Amino acid sequence: MVGDPGTGNAKAQDGLERDPVALREQLEHGLRSMGFAQTPASAHGLFTGCLVADPGADVDALVRSLGEALPLTEGAGDRFGKTVEAIRRALLAQLYDVELGFGPLLPEDEAIEAQAQALSEWVDGFIAGLGQTPRLGKLKPSAEASEILRDFAEIARIELEPEDDEENAAAFEELNEYVRVGVLLIADELAPDDPKRIPMQ
């Protein structure tokens, strides 16, 4: 077991949930300390896919989705578990609240090529997380959802044209918005019939 987040860390978790830059930095540090190979973008995509397929997935299930851990420091598992819990809570709120504030966790202060690479990694992680969740086997995505997932597979292989920053920026923004809306549509389609099965806390 990764570790119980505990109520004493609620304020710290809430702070992370509202600060994507801090959340991404802590996720990156946690992945390294746990010996995982994923980038923050791919891990966030993986967690999102798991939660879209099964909103009841807990912290331990999300951590297991990353593969085998090889913690490099003492107590890394507990600290990483708290980070994953903050991400889990933030994602559930963003995916299922009325404001629909969801968006892939990507670097905001890097070159457009780096952001596009991160989006590619995020989408690849999302597809993997969606596919490995047992609950999805009992569901049949609609034709629209299947088409979105095929588009996602193409986005995962995206390559921007070199030395065309303005066009690349426009293309990236369009793809990022398509991914954001596509994930929300799939989440709505796969959401449990009983909203009480979506644990918001």
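Is Phe126 buried or exposed? I opened the predicted model with that question. Phe126 has 0% relative accessibility, so I entered the residue as buried.

**Entry 1. Overall layout**

I went through the secondary structure next. The chain has 8 helices and 0 strands. Along the sequence I read the pattern as α-α-α-α-α-α-α-α. I then looked up burial for the chain: 44% of its 201 residues count as buried. I also looked at how far contacts reach. Taking contacts between residues at least 6 apart in sequence, 78% join residues at least 24 apart.

**Entry 2. Aromatic pairs**

I searched the whole structure for aromatic pairs and got 5. One of them is Phe126 with Phe152: the ring centres are 5.8 Å apart and the planes stand at 70°, so I noted the pair as edge-to-face. The angle is over 60 degrees, which is the cut-off for that label. Phe126 sits in helix 6 (residues 112–132) and Phe152 in helix 7 (residues 143–155), so this pair ties together parts that are 26 residues apart in sequence.

I checked the burial of the partner as well. Phe152 has a relative accessible area of 0% and is buried. Phe152 also forms an aromatic pair with Tyr178, again written down as edge-to-face, with 6.2 Å from centre to centre and 80° between the planes. This pair links distant parts of the chain, since Phe152 is in helix 7 and Tyr178 is in helix 8 (residues 165–190), 26 residues apart. How accessible is Tyr178? The value is 32% relative accessibility, so Tyr178 counts as partly exposed.

I then asked which residues make up the aromatic cluster. Phe102, Trp122, Phe126, Phe152 and Tyr178 form one cluster.

**Entry 3. Helix 6 against helix 8**

I looked up how helix 6 and helix 8 pack. The angle is about 20° and the axes are 10 Å apart. That angle makes helix 6 roughly parallel to helix 8, the limit for that term being under 35 degrees. I recorded the crossing of the two helices as left-handed.

Which residues of the two helices meet? On the helix 6 side I listed Ile112, Glu113, Gln115, Ala116, Leu119, Trp122, Val123, Phe126 and Leu130. On the helix 8 side I listed Asp165, Asn168, Ala169, Phe172, Leu175, Asn176, Val179, Val183, Ile186 and Leu190. The residues of this contact divide into 14 nonpolar, 3 polar and 2 charged.

I followed up on Asn176, which lies in helix 8. Its relative accessible area is 19%, so Asn176 is entered as buried; the cut-off is under 20%. Setting aside neighbours within four places in sequence, I found Asn176 in contact with Pro104, Leu106 and Leu119. I also took the C-alpha to C-alpha distance from Asn176 to Gln115: 9.7 Å, with their positions 61 residues apart in sequence.

**Entry 4. Thr48**

I placed Thr48 in helix 3 (residues 40–53). Thr48 has a relative accessible area of 0% and is buried. What does Thr48 touch, not counting residues up to four places away in sequence? I found Leu91, Leu95, Phe102, Trp122, Phe126 and Val183. Phe102, Trp122 and Phe126 also appear in the aromatic cluster. For Leu95 I noted the C-alpha separation from Thr48: 9.0 Å, at 47 residues apart along the chain.

**Entry 5. Helix 2 against helix 3**

I checked helix 2 (residues 20–34) against helix 3 and found an angle of about 95°, with the axes 9 Å apart. Helix 2 is therefore roughly perpendicular to helix 3. From helix 2 the contact uses Arg24, Leu27, Glu28 and Leu31; from helix 3 it uses Pro40, Ala43, His44 and Phe47. I sorted the residues of this contact into 5 nonpolar, 1 polar and 2 charged.

**Entry 6. Ser65**

Where is Ser65 placed? I found Ser65 in the loop between helix 4 (59–64) and helix 5 (76–96). At 11% relative accessibility, Ser65 counts as buried. Leaving out residues up to four places away in sequence, I found that Ser65 touches Leu46, Phe47, Cys50 and Gln132. Phe47 is also listed in the contact of helix 2 with helix 3.

Conventions: Residues are numbered from 1 along each chain as its sequence is written. This is a predicted model: local features need pLDDT of at least 70, side-chain atom pairs count only at pLDDT 80 or more; totals for chains, interfaces and linings use all residues. Side-chain values use heavy atoms; hydrogens and water are left out. Rings of Phe, Tyr and Trp (its six-membered ring) pair if their centres lie within 6.5 Å; planes under 30 degrees apart count as stacked, over 60 as edge-to-face and the rest as tilted. Helices (H or I, at least four residues) and strands (E, at least two) are DSSP runs, numbered from the N terminus. Buried means under 20% relative accessible area, exposed over 50%, partly exposed in between (1.4 Å probe, protein chains only). Axes are lines fitted to C-alpha atoms, for helices over the stretch in contact, and angles run from 0 to 180 degrees between N-to-C directions. Angles under 35 degrees count as roughly parallel, over 145 as roughly antiparallel, 65 to 115 as roughly perpendicular and the rest as oblique. A crossing is left-handed if the near helix is turned anticlockwise from the far one by less than a right angle, and right-handed if clockwise. Contact means heavy atoms within 4.5 Å. Ala, Val, Leu, Ile, Met, Phe, Trp, Tyr, Cys and Pro count as nonpolar, Asp, Glu, Lys and Arg as charged, and the others, Gly among them, as polar.
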